[in-house]
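Q: I am new to this structure and would like a close look at a single part of it, followed outward into its surroundings. Could you choose one turn of the chain and take me through it with care?

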Amino acid sequence: MEFIDSNLDKYVVEHTSIENDLLKKIQRETHLNVLQPRMLSGPFQGKFLSLISSLVQPEKILEIGTYTGYSALCLAEGLSKSGTLITIDINDELEERVKGYFQESSFSDQLTLMIGPALSIIPQLEHDFDLVFIDADKKNYINYYKEIFPKVKVGGLIIADNVLWSGKVVDQNAQDPDTQLLRDFNLMIQNDARVSNILLPIRDGLMLVRKISN
Ligand SMILES: C[S@@+](CC[C@H](N)C(=O)[O-])C[C@H]1O[C@@H](n2cnc3c(N)ncnc32)[C@H](O)[C@@H]1O
């Protein structure tokens with residue numbers, strides 16, 4: 001589903017700063033060699049993540065759902081000089097590729113890829129995060145939010161991708177489990193008095209959540 005007219009979409013992209021050469025390479029190679037390239041954030045959403053991260057200047061970033069590392073490298077652009085980013089993915093087939101891209105980047109010392117189910121890894125993390133990007137299996141979005149919330153600083157930001165689920169969240173005929181879970185996730189955030197949130201219709205929908213209290 002396209003949320004805006006395709007000409008307008010093209011114009012929007014043409015008036016957004018372009019991605020760097022490494023991100024271009026990741027995008028190209030993902031489309032050529034990796035299953036489901038549509039999962040990659042892409043240049044427009046990637047620039048948004050990069051700009052948000054640059055405004056936050058995080059010391060600690062957590063990403064749930066690395067895929068080929070595109071969004072991790074966009075988020076890393078905002079890291080403070082001593083900042084670090086941990087990204088988790090369950091798919092060990094992508095490990096070598098992602099580590100190679102991280103090595104090529106100027107943030108290689110700041111990035112850690114952890115392979116395994118995110119719900120098993122998150123409890124082992126002892127950081128206070130300034131920025132969390134949730135972009136993995138939809139069925140666990142609520143679990144991820146509950147697990148990470150205590151590990152996010154007050155004032156920190158949680159961003160969740162795909163919350164419009166190609167528009168299915170408002171389609172009464174869509175009753176599949178992922179759609180229902182995303183509706184539940186969006187409603188849970190909307191009713192959470194500890195946060196201030198905005199659902200942005202960027203790409204497949206980004207929920208931005210600022211933690212205002214514990
Ligand atoms: C949409 S892709 C991430 C895209 C990436 N953030 C980007 O924008 O380029 C979702 C990723 O979540 C991973 N994933 C799915 N279930 C997971 C789980 N239980 N734990 C960790 N990662 C998981 C998948 O292997 C996949 O690579």
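**A hairpin and what surrounds it**

A: In the hairpin that β6 and β7 form, 5 residues lie between the strands, and among the residues of this hairpin Arg203 takes a positive phi near 50 degrees. Before going further, please keep in mind that this is a predicted model. Arg203 belongs to the loop that runs between β6 (195–200) and β7 (206–211), and its positive phi of about 50 degrees is found there although Arg203 is not a glycine. The sign of that angle deserves a remark, because most residues other than glycine have a negative phi. As for its surroundings, Arg203 has 17 other C-beta atoms within 10 Å, and it therefore counts as partly exposed, since a residue would need 20 or more such neighbours to be called buried and 12 or fewer to be called exposed.

The two strands on either side of this loop are joined in the antiparallel sense, with 6 bridges between β6 and β7. One of the facing pairs can be picked out by name: Ser196 has Arg210, in β7, as its bridge partner. Strand β7 also pairs with strand β5 (residues 152–161), again running antiparallel, and here 5 bridges join them. In that pairing, Ile159 stands opposite Leu208 of β7. Strand β7 thus has pairings with both β6 and β5.

A second positive phi can be set beside that of Arg203. Gln57, which is likewise not a glycine, has a phi near 50 degrees, and its place is the loop between α3 (42–56) and β1. With 13 other C-beta atoms within 10 Å, Gln57 is partly exposed.

Following the chain on from the loop that holds Gln57 leads to β1. Strand β1 (residues 60–64) has 5 of its 5 residues buried, so it is largely enclosed by the rest of the structure. The cover extends to both of its faces, with Lys60, Leu62 and Ile64 buried on one side and Ile61 and Glu63 buried on the other. Strand β1 is parallel to β2, to which it is paired over 5 bridges, and within β2 it is Ile86 that stands opposite Leu62. It is also parallel to strand β4 (residues 129–134), with 4 bridges joining the two, and there Ile64 stands opposite Ile134. Together with α4 and β2, strand β1 makes a right-handed β-α-β unit.

The helix of that unit offers a residue to look at in its own right, for Leu73 is found in α4. Leu73 is buried, because 28 other C-beta atoms lie within 10 Å of its own. When neighbours within four places in sequence are set aside, the residues in contact with Leu73 are Leu22, Leu23, Tyr101 and Ser105. Its C-alpha atom is separated by 8.8 Å from that of Leu111, a residue 38 positions away along the chain.

Ser108 makes a useful counterpart to Leu73: Ser108 sits in the loop between α5 (95–104) and β3 (111–115), and with 12 C-beta neighbours inside 10 Å it counts as exposed. Apart from neighbours within four places in sequence, Ser108 is in contact with Phe102 and Gln103. Between its C-alpha atom and that of Asn214, 106 residues apart along the chain, the separation is 33 Å.

The model also holds a ligand, with 18 residues around it, of which Ser41, Gly65, Tyr67, Ser71 and Ala136 come nearest. The elements giving two or more residues to this shell are α4 (70–76) and β2 (84–89). By character, the shell residues divide into 9 nonpolar, 6 polar and 3 charged.

Stepping back to the whole, the protein has 8 helices and 7 strands, and its C-alpha trace spans about 45 × 45 × 30 Å along the principal axes. Its radius of gyration is 16 Å, which agrees with the value near 17 Å that a compact globule of 214 residues would have. Buried residues account for 35% of those 214 residues. Among the contacts with a separation of 6 or more, 65% join residues that are 24 or more positions apart.

How values were computed. Residues numbered from 1 in each chain as written. Predicted model: local features only at pLDDT ≥ 70, side-chain atom pairs only at ≥ 80, totals over all residues. Rg over C-alpha atoms; globule rule 2.2 N^0.38 Å. Contact = placed C-beta atoms within 7 Å. Near = placed C-beta within 6 Å. Nonpolar A, V, L, I, M, F, W, Y, C, P; charged D, E, K, R; others polar. Pairing = 2+ DSSP bridges. Right-handed = clockwise from strand over helix to strand, strands pointing away.
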